[in-house]
Amino acid sequence: MHHRGRVETHELFLTLYAEYADDLLAFGTALGFGREDIQDTLQDVFFNLYQRDPKLQQVRNVKVYLFTALKNRLLNTTRRQRMDSLDAHPSEGRFDVSVSVSDLIEDQEERHRLKRQVEEAMASLTPRQREAIYLRYIQEMDYDDIARLLDMTKPSVRNLVSKGLMVLRKNIIMLFFICFFDDKISFCVS
């Protein structure tokens, strides 16, 4: 009986890994860590969870648990490696979301220009705003889960995302305004 339970647990962990590994890798990359470090840490997270199998049954939201565990373990590893140079929030200033617009624009030069402009718009956000928006809209987490992951209250997360979206809207409107007039000017010059 015990052997059968371990086989089911093993299958559960394989399923969880297959379902979340790519998202966790992308999240760790967005936090500024190297792929190899993330993969090693991700294996540690799953191994530790596997060793503490009964603990998994107490987890309300596996996705949030895994994101939190990965982030904390990556930060703890970094803290140990650079103890004297880290502040209280080592992920601040490093959260970076890479934007891919290759499916939207055919021309390479236009694609590069648009990507740069969107990255500039994202750079106008604070690191916490970028992280919260990434979790909300890319990882599709709800505000309760983001609040737990970022160790904030739900109203604070809503406010953070709302203010970040206002900044993005302002910058995106300006971006489209510039693109529209750039096209008009090129058209007039041709």
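This section describes the nonpolar core, the salt bridges and a charged surface patch of a predicted model.

The largest nonpolar core of the model comprises 40 residues, and within this core L24 and L135 are the residues with the most contacts. Two or more residues are contributed to the core by each of the helices α1 (2–30), α2, α4 (62–81), α5 (108–123), α6 (127–138), α7 (143–150) and α8 (154–189). Of these elements, α1 provides the largest share, which amounts to seven residues.

Three salt bridges are present in the structure. One of them joins K71 to E131, with a separation of 2.8 Å between the closest N and O atoms. This pair connects distant parts of the chain, since K71 belongs to helix α4 and E131 to helix α6, and the two residues lie 60 residues apart. Both partners of this bridge, K71 and E131, are buried.

A further salt bridge is formed between K154 and D144, for which the closest N and O atoms are 3.6 Å apart. Here too, distant parts of the chain are linked, K154 being located in helix α8 and D144 in helix α7, at a spacing of 10 residues. K154 is classed as partly exposed because its relative accessibility is 32%, a value that falls between the limits of 20% and 50% that bound this class. D144 is likewise assigned to the partly exposed class, because its relative accessibility is 35%.

The side chains of R148 and D145 also meet in a salt bridge, with an N to O distance of 2.3 Å. Both residues lie in helix α7 and are three residues apart, so that about one helical turn separates R148 from D145. The two partners fall into separate accessibility classes: R148 counts as partly exposed because its relative accessibility is 39%, whereas D145, with a relative accessible area of 7%, is buried, the cut-off for burial being under 20%.

On the surface, a patch of negative charge is formed by the gathering of E36, D37, D40 and D44. Of the residues in this patch, D44 is found in helix α2, which spans residues 35–51, and the same helix is among the elements that give two or more residues to the largest nonpolar core. With a relative accessibility of 37%, D44 counts as partly exposed; this value therefore satisfies the requirement that patch residues have over 30% relative accessible area.

Terms used: Residues are numbered from 1 along each chain as its sequence is written. This is a predicted model: local features need pLDDT of at least 70, side-chain atom pairs count only at pLDDT 80 or more; totals for chains, interfaces and linings use all residues. Side-chain values use heavy atoms; hydrogens and water are left out. Patches are made of residues with over 30% relative accessible area and no salt bridge: like charges are joined within 9 Å, nonpolar side chains (Val, Leu, Ile, Met, Phe, Trp, Tyr) within 5 Å. Accessible areas come from the Shrake-Rupley method with a 1.4 Å probe; for residues, only the protein chains shown count as cover. A salt bridge is a side-chain nitrogen of Lys or Arg within 4 Å of a carboxyl oxygen of Asp or Glu. Lys and Arg count as positive and Asp and Glu as negative; His and the chain ends are not counted. The place of a charge is taken as NZ of Lys, CZ of Arg, CG of Asp or CD of Glu. Helices (H or I, at least four residues) and strands (E, at least two) are DSSP runs, numbered from the N terminus. Buried means under 20% relative accessible area, exposed over 50%, partly exposed in between (1.4 Å probe, protein chains only). A nonpolar core is a set of buried Ala, Val, Leu, Ile, Met, Phe, Trp, Tyr and Cys residues joined through side-chain atoms within 4.5 Å.
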